[in-house]
Amino acid sequence: MSEIKKMSECSIEEKVEAWNKGFEGYYFNMETTAEAFEKRGATEDLNEELSIVAFDGNNPVGIVRNGLRENSGRKVSWNGGTGVAKSVRGQCVGKRMMEKTIEWLGDAGVQLATLEAVSENNAAIELYRKIGYEIVDEVDFMQLKAKVEKLPEELESGQEITLKSATVEEAGSLDFYRHDFTWQTQWQSVKDGEALIAYNAEGKAAGYAYFRKSKDENGKHIATTLYQCVANPLAEDPQSLTARLIAEVFEGFSGEINRVAVNIPVEMNKFTHQVLAEAGFKVTTKQVMMAKEL
């Protein structure tokens, strides 16, 4: 590898080539196009001044996409993908790119660097550990396509709850909003989604959920994707409250739509994970969430 460049210095063709080569043979299809590459960058606040393309001569052979946001007064970054072309794997390209990433993030005043890695990708996890990242939780991508015959028992709770529609930004402004969940589930990445806020008998916010509905070319609802569902830690019976929100998001689990829950933390969001599992959601991808204080 002869050179590391800022992504802002590269053409769109070089960026896309670096990405597609870097993720060739990955655990699932990561191939992108120029249009999709740029759209994702805008949606997820990916920063080309902090992102890397590595070259072997004139050939793009590696990539790291980094995003930057301010959460709770702290500058937080996210690694939205580290890929190395097959032709140069085993030559420390990933290590060099990650070391440069940490240097640039530090120069930008980032205080916390985050990423996710597929749980089976031991080589990547070991690389991140050597650079100082630590596993903070496991996160599961969960899915359910069939009609649910038996709803979770937690729905039987008699607590008085009112659910109201809201914007995802309103959910993100609640004082118990989880800024520390994975990047792609934060409200800034789901601005075109819908939200629900649960209020208790005193009119205080007790929980929230936000999601995105998908329709086919004929306008028929075919899928709902849940990004966050959180009960206020001070709420009465937070588990049943979580179940109520989830049931409302998925419209009582009726019909044959595809239901998806993105990167649900196993420990940090255990009520949501448990309710989804009891409803029949299956884990399709397991990842670890990692973080490094800078």
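Which residue in strand 8 is the bridge partner of T162? The answer is Y199. Keep in mind throughout that this is a predicted model.

Let me stay with that part of the sheet for a moment. Strands 7 and 8 pair in the antiparallel sense, over 5 bridges. A second bridge partner to look at is L196 in strand 8, which goes with S165. Move along to strand 9. Strand 8 pairs with strand 9, again in the antiparallel sense. Here the count is 6 bridges. A198, for example, has G207 of strand 9 as its bridge partner. Strands 8 and 9 form a hairpin, with 5 residues between them. Look at G203 in the turn: phi is positive there, at about 80°.

Now the whole sheet. It is open and has 12 strands. The order runs 1-2-3-4-5-12-6-11-10-9-8-7, and the pairing is mixed. Which strands stand at the edges? Strand 1, residues 3–6, and strand 7, residues 162–166. Each has a single partner strand, so one side of each is left without a neighbour in the sheet. From one strand to the next, the twist averages 25°.

Next, helices on the sheet. Helix 2, residues 34–43, packs on it and touches strand 3 (59–71) and strand 4 (74–84). The direction of helix 2 makes about 25° with that of strand 3. Helix 3, residues 93–107, lies across strands 1, 2, 3, 4, 5 and 12. Against strand 4, helix 3 runs at about 165°.

On to the cores. The largest nonpolar core has 27 residues. Which of them touch the most other members? L226, I246, F250, F253, L276 and F281. Several elements supply at least two residues each, including strand 6 (134–144), strand 10 (221–231), strand 11 (258–265) and helix 7 (270–279). Helix 6 gives the largest share, 6 residues. Take L276 as a case. Leaving aside neighbours within four places in sequence, L276 is in contact with M142, L226, I246, F250, A261, I264 and F281. Apart from this core lies another, of 26 residues. Among its members are L50, M98, V110 and I125.

Then the rings. The count comes to 13 aromatic pairs. One of them is F176 with Y208. The centres are 5.8 Å apart, with 35° between the planes. That makes the pair tilted. F176 sits in the loop between helix 5 (168–172) and strand 8, while Y208 is in strand 9. The pair therefore ties together parts that are 32 residues apart in sequence. Buried or exposed, F176 and Y208? Both are buried.

There is also a ring cluster. Ring pairs link W19, F23, Y26, Y27, F28 and F37. F37 has a charged visitor: R65 lies over the face of its ring, at 3.6 Å from the ring centre. Elsewhere, the charged end of K6 sits over the ring of W104. There the distance to the ring centre is 5.7 Å.

Definitions and conventions
Residues are numbered from 1 along each chain as its sequence is written. This is a predicted model: local features need pLDDT of at least 70, side-chain atom pairs count only at pLDDT 80 or more; totals for chains, interfaces and linings use all residues. Side-chain values use heavy atoms; hydrogens and water are left out. A nonpolar core is a set of buried Ala, Val, Leu, Ile, Met, Phe, Trp, Tyr and Cys residues joined through side-chain atoms within 4.5 Å. Buried means under 20% relative accessible area, exposed over 50%, partly exposed in between (1.4 Å probe, protein chains only). Helices (H or I, at least four residues) and strands (E, at least two) are DSSP runs, numbered from the N terminus. Contact means heavy atoms within 4.5 Å. Two strands pair if DSSP finds at least two bridges between them. Axes are lines fitted to C-alpha atoms, for helices over the stretch in contact, and angles run from 0 to 180 degrees between N-to-C directions. Rings of Phe, Tyr and Trp (its six-membered ring) pair if their centres lie within 6.5 Å; planes under 30 degrees apart count as stacked, over 60 as edge-to-face and the rest as tilted. A charge sits over a ring if NZ of Lys or CZ of Arg is within 6 Å of the ring centre and within 35 degrees of the ring normal.
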